[in-house]
Structures are given as C-alpha cells and as structure tokens.
Amino acid sequence: MSHPPSVPSPRDRITGPHPARHTALLLLRGYADEDARTVASALDDSALDDTYTYLCAVMDVTLRLTLTAQPAARDVGRAAEQAATAAPPHYEFAFGQAVRAWAAGDTEALTRAADADLPGAVHLLAVMTVALGVSVLDHDGLNALLNCLPEDPR
C-alpha cells in the first residue's frame, strides 16, 4: 500500500521538526496495516511522552467520530484484537485480554493495561485508536483521516 508523500511510509525514519507526529503516524499505519515490522521500527524511547500526547489528541478526534456512529463494542473489540496482532509479542496477549474485558463492560481493563509502562500505553493507545477508526470509518476512511491530520490535531 502506498501513502501520499506528506505521510510517512514504513520505510521512513523519524526525522524533521515533529518526530512525535511522524512516530505516531507510523505506529498508527503499522497497526492499521497489521504490519508488525513497521510497528516494531516506529517506536523508540526518545519521544515517548510526545508521541503519547500526540496519540491522545488523535484518539480524541477519533472518539468524536464515534459519538455519531456509535460502533458496537464487539466490533471495536474485534478490530482491536486484529490490530494487536502487529504488537510486540510481549504486549499482544495482554492487549487481547484487556480489549476483551473492555468489550465485555470492564471499562478499567484498558487503564490497567496502559498503566503497566509508557511504551505499552503508547502501543495500546495506537491499537485502540485504530480499532475505533476502522470500526467507524473502515480501513480506507481511517487512512484518509490520518492523511489529513495536522501537526497538532487538538
């Protein structure tokens, strides 16, 4: 799948004035495309806080879309489990458990999983953002949204 030149592709490294945005977009694209190699290469420890902050803003945009579409929890759960297959192996099982618990009504399950460590929180936030985006917009719609995100989506 090719992406417009303004959006980083999996072959790009984090460069330029907004590394957190590039990292977040690479991570989101990796999960959306279920590409474990892209996910593994996207995140480094240098910009975790900023990447988490950017992902929170993207999640906020995605959540606003769900207010009108209201996807079923089971659909979001399935999409999250599918996206989580690209997660680093040491997170994949925990994410699957947290997502299934969340879909069953345990609203704290994701919080507990995210509290484990910052890299895990970044990955889980990306997985859930992709799951909500795919559930509301489908894969092409999510990619279109990612293509038009500004430097600061808040």
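**Notebook: helix packing and cysteines**

I looked up the contact between two helices first: Tyr-91, Phe-95, Val-99 and Trp-102 in α5 meet Pro-119, Gly-120, His-123, Leu-124, Val-127 and Met-128 in α7. I sorted the residues of this contact by kind and got eight nonpolar, two polar and no charged. I note that the model is predicted.

Next I looked up the geometry. I found that α5 covers residues 89–103 and α7 covers residues 118–147. The two pack at an angle of about 50°, and their axes are 11 Å apart. That angle makes α5 oblique to α7. I also noted the hand of the crossing of α5 and α7, which is right-handed.

I then turned to helix α1, residues 19–32. I found α1 packed with α7 at an angle of about 75°, with the axes 8 Å apart. Angles of 65 to 115 degrees count as roughly perpendicular, so I entered α1 and α7 as roughly perpendicular to each other.

I listed the residues of this second contact. From α1 they are Leu-25, Leu-27, Leu-28, Arg-29, Tyr-31 and Ala-32. On the α7 side I wrote down several, including Val-122, His-123, Val-127, His-139 and Asn-147. The contact of α1 with α7 divides into 11 nonpolar, five polar and one charged. His-123 and Val-127 of α7 are in my lists for both α5 and α1.

Last, I checked the cysteines. I looked for sulfur pairs within 2.5 Å, and the count came to zero disulfides. Cys-56 has 32% relative accessibility, so I entered it as partly exposed. Cys-148 is at 56%, and I therefore entered Cys-148 as exposed.

Notes. Residues numbered from 1 in each chain as written. Predicted model: local features only at pLDDT ≥ 70, side-chain atom pairs only at ≥ 80, totals over all residues. Heavy atoms only, no water. Axes fitted to C-alpha atoms, helices over the stretch in contact; angles between N-to-C directions. Helix = DSSP H or I, 4+ residues; strand = E, 2+ residues; numbered from the N terminus. Parallel < 35°, antiparallel > 145°, perpendicular 65-115°, else oblique. Left-handed = near helix turned anticlockwise from the far one by under 90°. Contact = heavy atoms within 4.5 Å. Nonpolar A, V, L, I, M, F, W, Y, C, P; charged D, E, K, R; others polar. Buried < 20%, exposed > 50% of the residue type's maximum accessible area, 1.4 Å probe, protein only.
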